[in-house]
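User: Please take a close look at one part of this model and describe in formal terms how its helices and strands are packed and paired.

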Amino acid sequence: MIEKAYVFSAKVHQGQVRLSGEPYLFHPLAVSAILADMKMDISTVASGLLHDTVEDTHATFDEVKQTFGPEIANLVDGLTKISKITLATREEQQAENFRKMLLAMAKDIRIVLIKLADRLHNMRTLEHLSPDNQVKIAQETLDIYAPLANRLGIDRIKTELEDLSFRYLHSEEYQKLAREVAWKKEEREKYIEEVSSIIAEKLSSYGLMGKVSGRPKHFYSIYRKMKDQNLEFEQVYDVIAFRIILDTIKDCYEALGIIHSLWKPVPGRFKDYIAMPKTNGYQSLHTTVIGPYGERVEIQIRTEEMNRTAEEGIAAHWQYKEGKGIAPKDSKQFAWVRQLLEWQQDLRDPREFLETVKIDLFPDEVYVFTPKGDVKQFPVGSTPVDFAYSIHTQIGNQCVGAKVNGKIVPLRYQLKNGDIVEIVTAASHQPSKDWLKFVKTSRARTKIRQWIKAQARDRSVDLGREICEREFKKYHLDFAKIIKSDEMKKIISDLSFQTLDDLMAEVGYGNVSANQIIGKLLPPEKLEKGKQEESRLKHLAQKIRGEPSGIQVRGIQDMMVRFGKCCNPLPGDAISGYITRGRGVTVHTADCPNILSSEPQRLIPVSWNLKEKAVHAVRVRVVCNDKKGLLADISSALASSEVNIIRADVTTTEDKRAICNFELEVNDLKHLQNAFRALTRLKSVLKVERLRGLTTTEKEEQA
């Protein structure tokens with residue numbers, strides 16, 4: 001089969017060359033060699049030889065299926081990128097490709113192993129690409145593929161991908177580190193030999209026979225430690241990790257005791273991954289001790305089988321060779337993969353899907369207990385809300401509080417190793433949008449978003465009906481009667497919706513305007529007459545109202561518009577509209593926290609109508625050195641900028657500073673910036689800033 005795949009691949013890739021100038025066939029050959037090293041089955045190795053044939057040659061899926069059978073054809077198809085789909089941005093394309101790979105992987109895990117082998121060889125030959133492409137591919141590898149290899153427990157591939165990415169992303173640091181590691185090579189090899197022999201002799205004296213080895217940590221892990229702890233290379237003491245491989249789990253724990261009697265352990269640096277394995281199946285005992293020369297030494301203790309799992313991950317548990325699929329004892333290993341299908345159903349936006357998967361790719365974990373003593377693993381920083389959703393969606397939705405180790409804690413509390421967590425629920429309680437700011441697990445994030453979207457849809461249906469009723473009245477149409485007619489059923493179908501509620505939700509979101517529906521009900525002459533009447537009424541209403549909103553709302557006519565009190569946008573600010581039920585559109589600055597954490601379906605494009613002039617209240621804080629005549633200087637500077645002061649509040653501090661809070665009237669952002677420039681020219685002024693939130697006048701109006 002492998003020979004047949006080689007001949008087929010050589011034939012269809014004939015004449016193609018890589019950027020290095022070598023025949024293209026070298027690439028699929030190298031990929032299949034990596035898979036053979038991982039001891040994969042014949043179908044996987046053959047698919048490695050064929051993985052680019054459908055995408056990059058004239059070969060078709062049917063041809064591969066006919067020649068090699070459905071199993072290999074499906075593996076090759078799972079690897080074929082979706083290059084025919086046009087997406088808006090490179091990020092979206094990347095996210096959609098990754099989504100396809102993960103979904104294919106959920107059906108057959110071998111697909112991602114071939115993809116990792118493909119990426120590994122591409123990274124090994126990255127020097128032939130342009131510097132820009134080198135950086136893009138290396139960053140994508142570090143962000144997605146190395147963590148994915150780690151998540152699947154394939155340490156050999158993970159470490160090589162990280163080091164290769166590091167080489168292209170931080171070339172100078174990589175070269176410097178490589179020189180420093182190479183410079184001390186002879187000294188390090190002597191040290192490894194000495195410490196290994198001390199450990200082996202000590203174990204032997206207690207009747208334990210095991211393999212002892214030492215090796216330097218890989219470059220990227222040393223670099224990350226230097227960055228995280230702000231260290232120089234000479235200050236990183238545990239550059240070498242020693243590994244002890246024994247026959248049984250009992251031997252592992254006995255060896256740990258022997259090591260701790262030989263050298264003093266470093267407090268807080270012992271981890272038992274045998275009793276509590278990592279989510280990727282990794283098992284080992286980790287300890288750090290003060291070694292023979294007073295330096296820190298990291299030691300890992302494991303069995304032969306654990307070592308194979310650590311190196312090869314999922315590939316070490318392979319059961320496909322005789323078509324058996326995945327053994328039940330290994331099914332826990334693949335639970336994460338199965339979750340991908342659930343996320344795919346909930347998250348339609350490819351970038352949101354990629355963000356959710358990325359969160360789960362970095363699994364530094366904490367281990368906590370249920371009240372019954374069951375162990376649960378969570379990413380570092382997880383909260384009781386994450387714990388609640390891990391038990392059941394309903395428990396998460398109804399979570400009102402939590403007890404950790406018998407004490408009430410806030411829902412933002414970050415779980416720690418060994419915590420016993422108990423969730424308090426209330427049937428009437430509902431999830432909060434604020435939870436998205438602190439939850440860590442993909443499951444919790446997905447379920448909260450799902451609930452918010454369901455609620456937003458219900459509100460949008462109601463809002464869509466309100467908008468339609470108001471617009472229909474302008475044309476003397478009975479909305480309640482029309483929605484029951486066959487004509488409306490046809491309109492729903494023409495606009496590609498299933499139900500009336502689907503259409504009303506889109507009107508509520510602002511994606512469809514009521515006028516689009518009316519345009520399908522009325523002949524053009526009646527529609528034009530109605531528009532003229534509406535225009536006259538609008539002009540009259542503006543005269544009565546005195547001041548126009550100065551905002552244009554795309555897709556909706558005569559919509560009530562308010563400005564967000566949380567950010568007080570000014571003409572010139574980047575803005576976004578948010579549809580609020582019964583209150584029209586609220587306009588916020590684009591960077592307002594309330595907009596950033598809102599449901600994206602309710603956002604609507606808005607823009608400033610710069611033809612319409614109006615004054616806007618804005619709050620400003622001026623911090624300056626306190627001196628006589630200060631207020632007069634500031635007032636003069638603002639007056640020279642034609643800015644009106646509505647209110648002023650000045651307080652002085654013990655260190656002779658004056659904090660002046662002003663409420664000003666300005667025309668737009670440019671007008672405010674001119675005033676800021678005038679203020680900063682004053683010698684005594686230290687800082688000028690715009691404040692968000694309610695103006696004093698608005699607070700009084702609310703009161």
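The request and the reply below concern the strand 5 region first, and then other packed elements.

User: How many of the 8 residues of strand 5 are buried, and which strands are joined to strand 5 by bridges?

Analyst: The model is predicted, and the description starts from strand 5, residues 296-303. Of the 8 residues in strand 5, 7 are buried, so the rest of the structure largely encloses this strand. Strand 2 (residues 240-246) runs parallel to strand 5 and is joined to it by 6 bridges; within this pair, Ala241 stands opposite Glu298. Strand 4 (residues 285-290) is likewise joined to strand 5 by 6 bridges, but here the two run antiparallel. Thr287 of strand 4 has Ile299 as its bridge partner in strand 5. Strand 4 and strand 5 form a hairpin with 5 residues between the strands, and Gly294 in that hairpin has a positive phi near 80 degrees.

A second example of antiparallel pairing is the open sheet of 3 strands in the order 9-8-10. Strand 9 (407-409) and strand 10 (421-425) are its edges; each has a single partner strand, so one side of each lacks a neighbour in the sheet. From one strand to the next, the twist averages 35 degrees. Strand 8 (residues 399-404) is joined to strand 10 by 5 bridges, and Cys399 stands opposite Thr425 of strand 10. Helix 18 (residues 384-391) packs on this sheet and touches strand 8, strand 9 and strand 10, its direction making about 80 degrees with that of strand 10.

Packing between helices can be described in similar detail. Two packed helices are characterised by the angle between their axes and the distance between those axes. For helix 1 (residues 2-12) and helix 3, the axes come within 8 Å and cross at roughly 10 degrees; this pair is therefore roughly parallel. Helix 1 contributes Ile2, Ala5, Tyr6, Phe8 and Ser9, which meet Ile42, Val45, Ala46, Leu49 and Leu50 of helix 3. By class, this contact comprises 9 nonpolar residues, 1 polar residue and no charged residues. Helix 3 (residues 42-50) also contains Thr44, which is buried with a relative accessible area of 0%. Leaving aside residues up to four places away in sequence, Thr44 touches Leu35, Leu75, Arg110 and Ile114.

Helix 27 (residues 630-640) and helix 28 (residues 669-680) pack at an angle of about 145 degrees, with their axes 9 Å apart. Their crossing is right-handed. Ile634, Ala637, Leu638 and Ser640 of helix 27 make the contact with Ala675, Ala678 and Leu679 of helix 28. The residues of this contact divide into 6 nonpolar, 1 polar and no charged.

Helix 23 (residues 500-509) has 8 of its 10 residues buried, so the rest of the structure largely encloses this helix. The buried residues are Leu500, Leu503, Met504, Ala505, Glu506, Val507, Gly508 and Tyr509. They pack against several helices, namely helix 20 (442-474), helix 21 (479-482), helix 22 (486-494) and helix 24 (514-521), and also against strand 13 (575-580) and strand 15 (603-604). Gly510, which follows helix 23, has a positive phi near 90 degrees.

How values were computed
Residues are numbered from 1 along each chain as its sequence is written. This is a predicted model: local features need pLDDT of at least 70, side-chain atom pairs count only at pLDDT 80 or more; totals for chains, interfaces and linings use all residues. Side-chain values use heavy atoms; hydrogens and water are left out. Buried means under 20% relative accessible area, exposed over 50%, partly exposed in between (1.4 Å probe, protein chains only). Helices (H or I, at least four residues) and strands (E, at least two) are DSSP runs, numbered from the N terminus. Contact means heavy atoms within 4.5 Å. Axes are lines fitted to C-alpha atoms, for helices over the stretch in contact, and angles run from 0 to 180 degrees between N-to-C directions. A crossing is left-handed if the near helix is turned anticlockwise from the far one by less than a right angle, and right-handed if clockwise. Ala, Val, Leu, Ile, Met, Phe, Trp, Tyr, Cys and Pro count as nonpolar, Asp, Glu, Lys and Arg as charged, and the others, Gly among them, as polar. Two strands pair if DSSP finds at least two bridges between them. Angles under 35 degrees count as roughly parallel, over 145 as roughly antiparallel, 65 to 115 as roughly perpendicular and the rest as oblique.
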